[in-house]
Number of protein chains: 2
Amino acid sequence: MAGSTLSPDQLTALQNAATHLRIDSVRSTSTAGSGHPSSCCSAADIVAALFFSIMRYDPKNPRAFNSDRFVLSKGHAAPLLYAAWAEAGLFPKQDLLKLRTLTSDLEGHPTPRLSFVDMATGSLGQGLPVGVGIALNAKYVDKLDYRTYVLMGDGESVEGSVWEAVELARQQRLDNLCAIVDVNRLGQSDPTMLQHDMEAYRVRWTGFGWHAIIVDGHDLSAIVAGFHEAARTKNTPTVLLAKTFKGKGISFMEDQPNWHGKPVPQGADTQKAIDELTQQLKPNGTARAITRPSAVPTAMPAISPLPASPYKVGESAATREAFGVALEALGAVNPLVVGLDADVKNSTYTEKFGKKFPGRFFENFIAEQNMIGAAAGLAACGKVPFAATFAAFFTRAYDFIRMAAISQSNIKLVGTHVGVSIGEDGASQMGLEDIAMMATQPGITVLYPSDATCMYRLVETAANHKGMVYLRAGRPKSPVLYGAEERFPIGGSKILRQSATDTLTIVAAGITLFEALKAYDQLKAAGIAVRVIDLYSIVPIDRTTLLESARATENRILTVEDHYAHGGLGDAVLGAVGMEGIRVHKLAVRAIPHSGKPDELVDHFGIGARSIVEAAKHIIK
Amino acid sequence: MAGSTLSPDQLTALQNAATHLRIDSVRSTSTAGSGHPSSCCSAADIVAALFFSIMRYDPKNPRAFNSDRFVLSKGHAAPLLYAAWAEAGLFPKQDLLKLRTLTSDLEGHPTPRLSFVDMATGSLGQGLPVGVGIALNAKYVDKLDYRTYVLMGDGESVEGSVWEAVELARQQRLDNLCAIVDVNRLGQSDPTMLQHDMEAYRVRWTGFGWHAIIVDGHDLSAIVAGFHEAARTKNTPTVLLAKTFKGKGISFMEDQPNWHGKPVPQGADTQKAIDELTQQLKPNGTARAITRPSAVPTAMPAISPLPASPYKVGESAATREAFGVALEALGAVNPLVVGLDADVKNSTYTEKFGKKFPGRFFENFIAEQNMIGAAAGLAACGKVPFAATFAAFFTRAYDFIRMAAISQSNIKLVGTHVGVSIGEDGASQMGLEDIAMMATQPGITVLYPSDATCMYRLVETAANHKGMVYLRAGRPKSPVLYGAEERFPIGGSKILRQSATDTLTIVAAGITLFEALKAYDQLKAAGIAVRVIDLYSIVPIDRTTLLESARATENRILTVEDHYAHGGLGDAVLGAVGMEGIRVHKLAVRAIPHSGKPDELVDHFGIGARSIVEAAKHIIK
């Protein structure tokens, strides 16, 4: 970071840089025929100040250790971000003209396909939670001095996720985090709610405990001074509330409505815009000096294998508890593992990890969106974050999970209290759509261990697997089925019961696996032989075993799951074997659930042993 | 509402009522063996004040017109709510002892199975957005004088959705809305973030423009005075920040940690708690007077049929635009229809409705959670709300959609810009998981019109259908296939191409239907006859037609969809015919998408005519 007062030459250099960013943003979107140049122009001075005066980074290596981090929360200003990195020298400026084409990773909104992007943005309100995670990593985990900058739009200030992050950043005293709100007054379809009422922004942010600085977002001296003030502010995060104009610098676009998400038409209009901007370039201006990050010795921490599972066949334990036990053990052998909670740590058992490793455990209180955003931020810093809550409450953060999938983020999600088998608390607490919402995401791994041993092993497997993993966990205790030596590869399954005379394959996981085993006994007593498969890996799925078993049982499968019928385990099975002419019957929850005793509900909603026996007899008759 | 100062007798009566609510909450949870008595006890005085001094309602008819509305956002205090209605006389107190059983609708968390519940709660942070919708209805739609009270927990104040609602309520000047925060200091797993720092709460709420009153939440005179002050406050909503103690009134529970979600153990402990509470009952106290709502003449508005579709076969139009055209036309014939937007009304075309019916159109700015919560609130007031945004951004509000499904809410959701066919904006803007997340919800109807005529008709069908409906809409223009006279019943489909020699049934909807029609032509030219079905109704699905077509085409189906592979249209087809031995092959998006031209992406991700032809040839070979 340069000195806190700009020389006239430095000021001119920054102003020229901002103008170049505007020119490049106009040109690239105009060539693409789509994009958001007006949203780039309002923020160009802020970005110029960050990239060419404030931030410490290596322009040839965006992932250089201990670099300051920049998150473009207003992802539609992507052309501005790309122009800044081109201006810094990472790639040739002519690449900018490939914007938004299939053959370039300079996409319409930024994704981590690009080396300088930590997390995909473009769904508004997500940048600040991600920034919280990156700043948590610096302050509490890696204890580095890099700073994190998050550039937000004004329209996105209404998103609740922003205020979750604002609250958590204050609570965690993230003075290494600096948000900038580009208050350009105009949203997509209308002026923003607060327009240019800068004082209204100020009272909101200061009310939540932040240090807030109102600046003229087109005055580079003021912007730079604001960032220096932020860096001097201790124990609290700082926000720069920058009053700007959308389309700044282009006469026919500046502060005009109806320019959201519209390129300047190619031809004369584009030329006029570029001519106007070019005229704003000033002579002189020193070469822009980019400060490199301070060197810090690094070493990959040693990771050891997880000790053997403490569970013994015949014991009884809830898979959620086994998760907590495994996470605590994993923490001791893998220093990259961090934990995140949203005020249910005594139910998900992450409190075990939290008590043992308080410096690597982050309590998000009841803020699931911030939990996932912060987890993705931590993952972008090389950590292996486990975020756990009730499976039902991941629905609250589904947009964050979606964006994490697009980002190929290395986060691990653990959803407990799945299905009607949680019992008395009722529908609002029952995760019954979690497989549907998770399994549809690209690149995700979805695991559903039925017993404590399997959960214990899969926690380590999830940590070692590169990519997003979802682990589904039940509330009730269930018998331990597997010995400590059993292994559970991703994409596998376990055949628990089989004989040469089987006439039906029953596929289940979780609580319904035990119902299937009960049904097996009852069917056997009635002289009916069935096969029972523990499908602990839903995505990827063990197509080979499913198909072989179906072939061996007259091409018939019965699936049973404590999940709604659409998009669950049964549909995963159908997706794997549905083109083979196998007959797949599904038992699942097909109505709005109710409070009641777990066993009673499992039976009532048609996924218990009684229903399995009935369905099996009906299918094979 | 009684006078604003309580007489000593009135005060005693309220205090005794609060004590009775505590006793009933302890007794019912103790009998159930689960529940949250400590969370009931902190709020008992607030609820007593509302039910027995402040609110105007009919204790025998909770749905009486123009009644004040009460939303229990902290749904885990359900036993307190049930106790209040029993105390008011709606049902016998002995029913409270059926709490949390399968045979009683007094569930663990409240649902609208109960006549006095507008929306299911239990997922925190949802009550205030719902309250916003109920208050919007009073102030702007029905123009009634009922007031809306929302009782929140302190822990849930961290949920971002709360701040969306806080911002929107201020912006809409909802002075008929009163929130109460039960600041009982203790969360589930730890003390809350702000504990008893009442001033921290005050600056947050006043920073967002609310009138905030700090009260001792166990001082009934202060509580009642606070509610009267709220009623007198004009142009801005009011929040009562009530300092309380969890477990208030029970010596061994009051302000103690580790009592969240735990009943008092049956036997001596319960007796001790009830004895302590009983000793707090005071002699005298007037009979509690409940004020009835003011009578307002009501008449069901006349609803006329929608005029004929303006679209003609051979024209070209985007389904999202047809939605906007239909919604505007519907607004003129159905006065119950209201619209909600989240700053994309110029993309979803709800701006047409908004311009024509500004009093029935609610701009939520970029706050999708509040949009859905408010829609559910409006639905609870008998309105037919259409809430539209990009399909991708419904993921932001998925928890609200989940709770709306549990509530059997009559909301209509319209998701535009689905799939890779949106093109250059890239993955963050593409709805590719919307069918999975919607179709899994119980009781929902999922419709996916392919052309403008079908969309136009289905908008009316959705409005007239009782229950949640999701309409999926594409971004690009596509040909109009159907004449204005065509009808599209829920659960139907259209066979667009067929012959006696068909060897494969191709099932598609939206953009891929047109790709299937192109593939049909190419296959026909190659001498291969296939059947093409427009599956505009995904849930419920036209099983009969699918099965008959499959039977007629050698038991083979090929599905094609601009959606991820799991949980989409293909899985809906599999779910319908998968037990019949039909071979179903799916074409869907199976990778993280990219920016590019729409046609290019449709082809690149394997859902275009080229891939359909290839797959068809492979399947029938």
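# A tour of a two-chain model

Start with helix α8 (residues 268–280) of chain A: E276(A) and K272(A) lie four residues apart in this helix, so about one helical turn separates them. Select both side chains. They form a salt bridge, and the closest N and O atoms are 2.9 Å apart. Side chains of opposite charge can pair when their charged atoms come close. Over all chains, a search of the whole structure finds 70 salt bridges. Keep in mind during the tour that this is a predicted model.

**Chain A as a whole**

Now select chain A and show it as a cartoon. Its secondary structure comes to 20 helices and 19 strands. Turn the chain to view its extent: the C-alpha atoms fill a box of roughly 95 × 50 × 40 Å, taken along the principal axes. The radius of gyration of chain A is 27 Å, which agrees with the value near 25 Å that a compact globule of 621 residues would have.

**The two chains together**

Next, show chain B as well. Superposing chain B on chain A takes a rotation of 180° with 0.0 Å of shift along the axis, and the RMSD is 0.0 Å. This is the relation of a two-fold axis. To find the axis from chain B, select G160(B): its C-alpha is the one in that chain nearest the axis, 1.7 Å from it.

**The interface**

How many residues does each chain give to the contact? Chain A gives 108 residues and chain B gives 108 residues. The copies meet through the same surface, because 100% of the interface residues of chain B are also interface residues in chain A.

Colour the interface by element. The area buried between the two chains is about 8400 Å², and carbon and sulfur atoms give 53% of it. Then select L102(B), R396(B) and H566(B), the residues of chain B that lose the most area to chain A; together they account for 10% of what that side buries.

Stay with R396(B) and add E159(A). These residues form a salt bridge across the two chains, with the closest N and O atoms 3.1 Å apart. The count of salt bridges between chain B and chain A is ten. Polar contacts can be shown next: 67 residue pairs across this interface are in polar contact, counting pairs with both residues at pLDDT 80 or more.

Which element of chain B supplies the largest share of the side that touches chain A? Select helix α5 (residues 160–171) of chain B, which supplies eight residues. Colouring that whole side of chain B by residue class gives 39 nonpolar, 42 polar and 27 charged residues.

**Backbone details**

The last stops concern the backbone. Most residues other than glycine have a negative phi, and most peptide bonds are trans.

Select V539(A) and P540(A). The peptide bond from V539(A) to P540(A) is cis, with omega near -5°. P540(A) is in the loop between β17 (537–539) and α17 (543–552) of chain A. Move to chain B and select V539(B) and P540(B): the bond joining them is cis too, with omega near -5°. P540(B) sits in the loop between β17 (537–539) and α17 (543–552) of chain B.

Finish at Q195(B). Where in chain B is Q195(B)? Look in the loop between β3 (177–183) and α6 (198–207). The phi of Q195(B) is near 40°, a positive value in a residue other than glycine.

Note on methods: Residues numbered from 1 in each chain as written. Chains lettered and ligands numbered in written order. Heavy atoms only, no water. Contact = heavy atoms within 4.5 Å. Buried area = accessible area lost by both parts, 1.4 Å probe. Salt bridge = Lys/Arg side-chain N within 4 Å of Asp/Glu carboxyl O. Polar contact = N/O pair within 3.5 Å; in protein donor to acceptor, adjacent residues only side chain to side chain. Helix = DSSP H or I, 4+ residues; strand = E, 2+ residues; numbered from the N terminus. Nonpolar A, V, L, I, M, F, W, Y, C, P; charged D, E, K, R; others polar. Least-squares fit on C-alpha atoms with pLDDT ≥ 70 in both. Rg over C-alpha atoms; globule rule 2.2 N^0.38 Å.
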